[in-house]
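Reader: I should like to learn how to read the features of a fold from its atoms. Where should one begin?

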Amino acid sequence: MARSVSYVSAAKLVSMARGNPRLAIIDVRDEERSYQAHIAGSHHFASGSFEARMPELVRAASGKDTLVFHCALSQVRGPTCAKMFSDYLRETKEDSRIKNIMVLERGFNGWEISGQPVCRCTDAPCKGTCS
């Protein structure tokens with residue numbers, strides 16, 4: 001199945017994610033995640049090791065149909081990792097239920113500036129219980 005990468009605004013992501021266990025947020029920031037906040041419930045797959053960890057992401061995304069990638073600004077790392085993962089699913093023919101691969105417009109910085117909730121926990125992965 002061909003999966004194109006599309007973009008989603010922070011406001012739209014909030015409404016899509018509310019009560020939706022089939023959506024996962026993938027944070028591909030590197031070291032800055034350790035000293036900045038993150039989106040509650042997001043999975044951390046640093047861009048520096050992303051390619052090697054794609055099989056792990058397939059397992060982590062089991063049961064999900066939508067993945068939303070982001071980095072700090074979603075200008076380079078977020079879109080690059082989203083496209084790389086889309087290509088990986090196509091090339092490996094992974095039996096995945098993932099239908100939608102998206103990138104968060106303006107990234108984590110835009111999310112936080114727009115007043116959306118952030119989490120400062122150190123749990124890996126984040127359990128999504130912070131706000």
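Author: Let us begin with burial, since several later steps depend on it. A residue counts as buried when its relative accessible area is under 20%, as exposed when it is over 50%, and as partly exposed in between. The model shown here is predicted.

Reader: How is that cut-off applied to Phe 85, and is this residue buried or exposed?

Author: Phe 85 has a relative accessibility of 0%, so it counts as buried. Tyr 88 is also classed as buried, its relative accessible area being 16%. Thr 92, by contrast, has a value of 37% and is therefore partly exposed. For the chain as a whole, 45% of the 131 residues count as buried.

Reader: What are the overall dimensions of the chain, and what does the radius of gyration indicate?

Author: Along the principal axes, the C-alpha atoms fill a box of roughly 40 × 30 × 25 Å. A compact globule with 131 residues would have a radius of gyration near 14 Å, and the 13 Å of this chain agrees with that. Contacts tell a further part of the story: among those between residues at least 6 apart in sequence, 67% join residues at least 24 apart.

Reader: How many helices and strands are there, and in what order do they run?

Author: The chain contains five helices and five strands. Read from the N terminus, the elements follow the order β-α-β-α-β-α-β-α-β-α.

Reader: What is the order of the strands within the sheet?

Author: The order in a sheet is found by following the pairing from one strand to the next. Here the five strands form an open sheet, ordered E1-E5-E4-E2-E3, with parallel pairing. Strands E1 (5-8) and E3 (43-44) are at the edges with a single partner strand each, so one side of each has no neighbour in the sheet.

Reader: Which bridges join the strands E1 and E5, and which join E2 to E4?

Author: Four bridges, in the parallel sense, pair E1 with strand E5 (residues 100-104); Ser 6 has Met 102 in E5 as its bridge partner. Between E2 and E4, which run parallel, there are five bridges, and Ile 26 stands opposite Phe 69 in E4. On the side of E3, two bridges pair this strand with E2 in the parallel sense, with Asp 27 opposite His 44.

Reader: Why is strand E2 described as largely enclosed?

Author: One combines the burial class with the direction in which the residues point. Five of the five residues of strand E2 (residues 23-27) are buried, so the strand is largely enclosed by the rest of the structure. Leu 23, Ile 25 and Asp 27 point one way, Ala 24 and Ile 26 the other, and all are buried.

Reader: Which residues does Thr 66 touch, leaving aside those up to four places away in sequence?

Author: Thr 66 lies in strand E4 and, at 5% relative accessibility, counts as buried. The residues that Thr 66 touches, with those up to four places away in sequence left out, are Met 16, Arg 22, Leu 23, Ala 24, Asn 100 and Met 102. The side chain of Thr 66 also makes a polar contact of 3.0 Å with that of Asp 65.

Reader: How many aromatic pairs are there?

Author: Ring pairs are read from the distance between centres and the angle between planes. The count comes to four aromatic pairs. In one of them, Phe 50 and Phe 69, the centres are 6.0 Å apart and the planes stand at 75°, so the pair is edge-to-face. Phe 50 belongs to helix H3 (residues 50-60) and Phe 69 to strand E4 (residues 66-70), so this pair ties together parts 19 residues apart in sequence. Both residues are buried. For Phe 85 and Tyr 88 the centres lie 6.2 Å apart with planes at 20°, so that pair is stacked. These two residues are three apart in helix H4, a separation of about one helical turn. Ring pairs link Phe 50, Phe 69, Phe 85 and Tyr 88 into a cluster.

Reader: What lies over the face of Phe 108?

Author: Arg 29 does, at 4.2 Å from the ring centre.

Reader: Where is Thr 92 placed, and what does its side chain reach?

Author: Thr 92 is in helix H4 (residues 77-92). Its side chain reaches the backbone oxygen of Tyr 88 at 2.7 Å. The C-alpha atoms of Thr 92 and Pro 55, 37 residues apart along the chain, are separated by 10.0 Å.

Methods:
Residues are numbered from 1 along each chain as its sequence is written. This is a predicted model: local features need pLDDT of at least 70, side-chain atom pairs count only at pLDDT 80 or more; totals for chains, interfaces and linings use all residues. Side-chain values use heavy atoms; hydrogens and water are left out. Two strands pair if DSSP finds at least two bridges between them. Buried means under 20% relative accessible area, exposed over 50%, partly exposed in between (1.4 Å probe, protein chains only). A polar contact is a pair of N or O atoms within 3.5 Å; within protein, one must be able to donate a hydrogen and the other to accept it, and residues adjacent in sequence count only if both atoms are side-chain atoms. Rings of Phe, Tyr and Trp (its six-membered ring) pair if their centres lie within 6.5 Å; planes under 30 degrees apart count as stacked, over 60 as edge-to-face and the rest as tilted. A charge sits over a ring if NZ of Lys or CZ of Arg is within 6 Å of the ring centre and within 35 degrees of the ring normal. The radius of gyration is taken over C-alpha atoms; the globule rule is 2.2 Å times the number of residues to the power 0.38. Contact means heavy atoms within 4.5 Å.
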